[in-house]
Amino acid sequence: WRYGFAPLGYRALTAGNDPAEGVAVFRVRRRGKAAEAALCEVLVPGGSPRAAHHLGRAVARASGADYVVRLGRATPLGGFLPLPHQGPILTWRALDTSAVAAPGLDEWQLALGDVELL
């Protein structure tokens, strides 16, 4: 359901012939004169950083984008650099009155597809 909205043009790229080897979900959009690939999900067996890196690079090549953005911890070895003090901004509101504070960001494992709004 999350990526079924056709006007946004989500695409999937597999790591091999079998999607069980890993899959990346992304979309390309214009940002001024640049083409931005939004890497929404990377699903790889066992959470393998190497397989995730491979898929991120494959998305960069296949998309034809000028750059790729994603959420999560960025490292130069992973092919991404951190961009501090940029969005999206996560807003939290307790539904349970016994909760006193939002969970720390390190307790979340959000992907861009989790927070992207139409």
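Before the views, one term: two residues are in contact when they have heavy atoms within 4.5 Å of each other. This is a predicted model, where local features need pLDDT of at least 70 and side-chain atom pairs count only at pLDDT 80 or more, while totals for chains, interfaces and linings use all residues. Residues are numbered from 1 along each chain as its sequence is written, and side-chain values use heavy atoms, with hydrogens and water left out.

**View 1. Tyr-10, just ahead of the strands.** Tyr-10 sits in the segment before β1 (11-14). Strands here are DSSP runs of E with at least two residues, helices are runs of H or I with at least four, and both are numbered from the N terminus. Is Tyr-10 buried or exposed? With a relative accessible area of 17%, Tyr-10 is buried; the cut-offs are under 20% for buried, over 50% for exposed and partly exposed in between, using a 1.4 Å probe and protein chains only. Setting aside neighbours within four places in sequence, Tyr-10 is in contact with Arg-2, Tyr-3, Phe-5, Val-25, Phe-26, Arg-27, Cys-40 and Glu-116. Pro-45 is 35 residues from Tyr-10 in sequence, and their C-alpha atoms are 22 Å apart in space.

**View 2. The whole protein, for orientation.** Count along the chain and you find two helices and four strands, in the order β-β-β-α-β-α from the N terminus. Measured out along the principal axes, the C-alpha atoms fill a box of roughly 50 × 35 × 30 Å. Of its 118 residues, 25% are buried. Among contacts between residues at least 6 apart in sequence, 49% join residues at least 24 apart. The protein exposes about 8600 Å², with carbon and sulfur atoms supplying 57% of that; the areas come from the Shrake-Rupley method with a 1.4 Å probe, and for residues only the protein chains shown count as cover.

**View 3. The largest nonpolar core.** A nonpolar core is a set of buried Ala, Val, Leu, Ile, Met, Phe, Trp, Tyr and Cys residues joined through side-chain atoms within 4.5 Å. Which residues build the largest one? There are eleven: Ala-24, Phe-26, Ala-35, Ala-37, Leu-39, Val-44, Leu-55, Val-59, Ala-65, Val-68 and Phe-80. The elements that give two or more residues to this core are β2 (23-31), β3 (34-43) and α1 (49-63), and β3 gives the most, with three. Another core, of six residues, lies apart from this one and includes Leu-8, Tyr-10, Val-25 and Ala-38.

**View 4. Leu-39 and its surroundings.** Leu-39 belongs to the largest core. Leaving out neighbours within four places in sequence, Leu-39 is in contact with Ala-24, Val-25, Phe-26, Gly-56, Val-59, Val-68, Val-69, Arg-70, Phe-80 and Leu-112.

**View 5. Glu-36, a buried acid with two side-chain partners.** Look in strand β3 for Glu-36, which is buried at a relative accessible area of 6%. Its side chain has a polar contact of 3.3 Å with that of Arg-31 and another of 3.0 Å with that of Tyr-67. A polar contact is a pair of N or O atoms within 3.5 Å; within protein, one must be able to donate a hydrogen and the other to accept it, and residues adjacent in sequence count only if both atoms are side-chain atoms. Not counting residues up to four places away in sequence, Glu-36 touches Arg-27, Val-28, Arg-29, Arg-31, Ala-65, Tyr-67 and Val-69.

**View 6. Glu-41, also in β3.** Strand β3 holds Glu-41 as well. Why does Glu-41 count as buried? Because its relative accessible area is 15%. The side chains of Glu-41 and Tyr-3 make a polar contact of 2.9 Å. Apart from neighbours within four places in sequence, the contacts of Glu-41 are Arg-2, Tyr-3, Val-23, Ala-24, Val-25, Ala-111, Gly-113 and Asp-114.

**View 7. Leu-112, in the second helix.** Leu-112 is part of helix α2 (residues 112-115) and is buried, at 10% relative accessible area. Beyond four places in sequence, Leu-112 is in contact with Ala-38, Leu-39, Cys-40, Val-69 and Leu-71. Thr-14 is 98 residues from Leu-112 along the chain, and 18 Å separates their C-alpha atoms.

**View 8. Gly-64, out in a loop.** The loop between α1 and β4 (67-69) is where you find Gly-64. Gly-64 counts as exposed because its relative accessibility is 56%. The C-alpha atoms of Gly-64 and Val-28 are 8.7 Å apart, with their positions 36 residues apart along the chain.
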